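Grab a pencil: here are a few worked exercises on how helices and strands pack. Have a go at each task before you read its solution.

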Amino acid sequence: MRLQKNQKGLTFISWLIILAIGGFFVMLGLKLTPIYLENQSVKSVVKSLNNDPLVRKTDNRGIRKIIKKRMKINSIYDFPQDAIKIKKSKTRLNVDITYNREEKIVANVYVVVKFSEKLSVDIIP
């Protein structure tokens, strides 16, 4: 009488598939992490505008200049300038920074991430 030996564990092909899937997600994380870190810097720039009294006194051009300077300080150099929209009235300042980041993953596969940071500040005359 012969005893059958049951297979336990994964086959070599199964391990390769698991490693490929895991490698894909590691690569995706490595590509997306800098994009999200950049967004955190943009958020800090927008939040810092709230505490700056100079922002309330200057015009749109001056506010745009302040934003650009703070982005350079935070090492954000290739930011699309048309993503910054500033609307200022006598009593309110609205800053809207909406932009997309596109990152190539493999061959013709891309990931597109959309961010939107908004700030609304009351201006006391």
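Axes here are lines fitted to C-alpha atoms, for helices over the stretch in contact, and angles run from 0 to 180 degrees between N-to-C directions. Helices (H or I, at least four residues) and strands (E, at least two) are DSSP runs, numbered from the N terminus. The model is predicted, with local features needing pLDDT of at least 70, side-chain atom pairs counting only at pLDDT 80 or more, and totals for chains, interfaces and linings using all residues. Residues are numbered from 1 along each chain as its sequence is written, and side-chain values use heavy atoms, with hydrogens and water left out.

**Exercise 1.** Work out how helix 1 and helix 3 cross.

Step 1: the axes of helix 1 (residues 12-50) and helix 3 (residues 60-73) come within 10 Å and cross at roughly 140 degrees.

Step 2: angles under 35 degrees count as roughly parallel, over 145 as roughly antiparallel, 65 to 115 as roughly perpendicular and the rest as oblique; helix 1 and helix 3 are therefore oblique to each other.

Step 3: on the helix 1 side, Val42, Val45, Ser48 and Leu49 make the contact (heavy atoms within 4.5 Å), and helix 3 brings Ile66, Ile67, Arg70 and Met71.

**Exercise 2.** Sort out the sheet order and its edges.

Step 1: three strands make an open sheet, ordered 1-2-3 with antiparallel pairing; two strands pair if DSSP finds at least two bridges between them.

Step 2: strand 1 (84-88) and strand 3 (109-122) are the edge strands, each pairing on one side only.

Step 3: strand 1 and strand 2 (residues 92-106) pair over five bridges, and Lys85 sits opposite Asp96 in strand 2.
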